[in-house]
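Welcome, and thanks for taking a look at this one. Please have the model open in your viewer as you read.

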Amino acid sequence: MRSSPPSVLPHQIKQSIPHQLPMQSLSPSLSLHTHLRLPESGQFPANPTTIPAKCIRKWKSQVISAVAAPPAPKKTTAHSMPPEKAEVFKSLEGWAKQSVLPLLKPVDQCWQPQDFLPDPALSKGSFMEEVAALRARTAELPDDYFVVLVGDMITEEALPTYQTMINTLDGVRDETGASSSPWAVWTRAWTAEENRHGDLLNKYLYLSGRVDMQMVERTVQYLIGSGMDPGTENNPYLGFVYTSFQERATFISHGNTARMAKERGDHLLARICGSIAADEKRHENAYAKIVEKLLQVDPTDAILAIEDMMRKKITMPAHLMHDGRDPRLFDHFSAVAQRLGVYTANDYADIVEFLVGRWKLDKLEGLNGSARRAQDYVCGLAPRIRKLQERAEERVRQAEPRRVRFSWINNKEITL
Ligand SMILES: [Fe+2]
Ligand SMILES: [Fe+2]
């Protein structure tokens with residue numbers, strides 16, 4: 001699906017006709033593009049350079065919303081950390097054991113999905129009563145909320161991809177599958193904690209009866225098969241900047257779905273999303289701590305890594321999402337998340353700002369020329385994103401709202 005027309009077209013247009021159709025790419029997860037509406041056929045011409053100017057003008061006038069778009073294909077760089085730098089991570093093993101591993105929770109102190117779900121050990125009548133109560137609560141939630149919750153659940157369910165991604169990183173990967181290196185211990189236990197998220201959301205959504213589980217499951221299978229391309233180049237400096245950002249993004253997103261469930265009266269779902277958000281926060285803290293340590297022991301390469309990831313823009317882990325029907329499913333899901341305020345371009349800017357403050361990047365000293373320039377770029381980034389976001393929002397306000405069908409909710413139409 002990475003080669004599907006919608007994945008490449010905005011980029012191709014950007015390159016081929018920039019003077020006619022300026023595209024603004026803001027954020028990653030929500031790279032705010034001024035979007036084109038697909039022709040009714042859903043297919044773009046094979047060669048975008050042949051698109052008549054008239055069509056371009058027409059599409060431009062149909063700008064629909066500030067929504068997420070798959071990122072432009074990245075240049076593929078592999079193993080960008082010099083091999084000798086693996087020593088940095090070797091030398092930090094004692095520190096990681098003392099300072100990172102304690103951020104994991106012992107299994108017997110962790111919540112489990114079953115804590116929130118109807119208990120199958122109950123009598124048949126009591127079990128059915130619990131299921132009926134769950135369905136009565138979720139009946140009060142709107143369809144667009146389910147689109148976002150399903151998208152979040154599918155993102156969580158693609159966990160094999162994320163463990164694989166972390167194990168691409170030189171110097172910290174799990175070399176055997178059961179390595180005793182604290183980096184590997186962390187990654188396995190982190191995965192085990194994360195595994196509860198998709199599991200719980202999946203079961204809750206299944207019992208709600210509000211979604212087409214077959215289409216949801218198909219999307220999960222497509223997504224795991226597609227993988228992801230975060231641009232981390234097997235480089236743990238880049239990898240841990242990416243995970244710091246992503247864990248905070250999921251903390252924000254699950255926190256917002258919790259708040260909305262509470263507002264609509266599903267207090268149990270609010271507790272579910274809140275408990276997941278709390279895990280994400282703990283994970284964010286661990287990854288941000290690792291980057292903080294790298295900034296202490298190797299400030300130049302650490303700030304250059306932060307700059308690199310920010311320039312590339314942080315890609316949402318589920319950016320290659322597909323259901324076999326909607327060729328722009330990820331864009332559409334992200335547009336709904338943006339409209340509901342579950343995860344927005346402003347959140348992206350907030351995360352950048354938060355991490356700059358958390359890592360005290362403006363206070364870094366003793367940097368060389370390129371590292372100082374990286375520092376300036378990163379420290380000034382959030383206001384620039386906000387400015388672009390304001391312009392994108394203005395365009396959205398002026399545009400006609402658009403409705404799209406989601407297979408996940410039985411092909412019901414949702415406003416983007
Ligand atoms: Fe998660
Ligand atoms: Fe997470």
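Is Lys-312 buried, partly exposed or exposed? With a relative accessible area of 23%, Lys-312 counts as partly exposed. Keep in mind that this is a predicted model.

**Salt bridges**

Let us stay with Lys-312 for a moment. Its side chain meets that of Glu-233 in a salt bridge, with 2.9 Å from N to O. The two partners come from distant parts of the chain, 79 residues apart: Lys-312 sits in helix α12, and Glu-233 in the loop between α9 (213–226) and α10 (236–263). Glu-233 is buried, at 13% relative accessibility.

A search of the whole structure turns up 27 salt bridges. Three of them are listed here, including the one just described.

| Salt bridge | N to O distance |
|---|---|
| Glu-93 and Lys-90 | 3.5 Å |
| Lys-312 and Glu-233 | 2.9 Å |
| Arg-386 and Glu-353 | 2.7 Å |

The pair of Arg-386 and Glu-353 also links distant parts of the chain, with Arg-386 in helix α16 and Glu-353 in helix α14, 33 residues apart. Glu-353 is partly exposed, with a relative accessible area of 42%. Elsewhere, Glu-193, Arg-196, Asp-279 and Arg-282 are joined into one network by salt bridges that share partners.

**The iron site**

Now for the metal. The iron ion (ligand 1) has protein donors from Glu-156 (OE, listed twice), Glu-194 (OE), His-197 (ND1) and Glu-280 (OE), at 2.1 to 2.4 Å. Along the chain, these donors follow the spacing E-x37-E-x2-H-x82-E. Glu-156 belongs to helix α6 (residues 143–157) and His-197 to helix α8 (residues 182–208), so this pair ties together parts that are 41 residues apart in sequence. Glu-156 is buried at 7% relative accessibility, and His-197 is buried at 0%. The iron ion (ligand 1) lies 3.4 Å from the iron ion (ligand 2), and Glu-194 coordinates both.

**Helix α15**

Which residues of helix α15 (residues 369–379) are buried? They are Ala-371, Ala-374, Gln-375, Tyr-377 and Val-378. Viewed down the axis of α15, these buried residues fall within an arc of 165 degrees, so they line one face of the helix. They pack against α12 (299–312), α14 (345–358) and α16 (381–398). Arg-373 and Asp-376 are exposed on the other side of α15. At the N-terminal end of α15, Asn-368 acts as a cap, with a side-chain oxygen 3.3 Å from the backbone nitrogen of Ser-370.

Technical notes. Residues are numbered from 1 along each chain as its sequence is written. Chains are lettered from A and ligands numbered from 1 in the order in which they are written. This is a predicted model: local features need pLDDT of at least 70, side-chain atom pairs count only at pLDDT 80 or more; totals for chains, interfaces and linings use all residues. Side-chain values use heavy atoms; hydrogens and water are left out. Donors are N, O and S atoms within 2.8 Å of the metal (3.2 Å for Na, K and Ca); water is not among the atoms, so sites may look incomplete. Helices (H or I, at least four residues) and strands (E, at least two) are DSSP runs, numbered from the N terminus. Buried means under 20% relative accessible area, exposed over 50%, partly exposed in between (1.4 Å probe, protein chains only). The arc is that of the directions from the helix axis to the C-beta atoms. Contact means heavy atoms within 4.5 Å. A polar contact is a pair of N or O atoms within 3.5 Å; within protein, one must be able to donate a hydrogen and the other to accept it, and residues adjacent in sequence count only if both atoms are side-chain atoms. A salt bridge is a side-chain nitrogen of Lys or Arg within 4 Å of a carboxyl oxygen of Asp or Glu.
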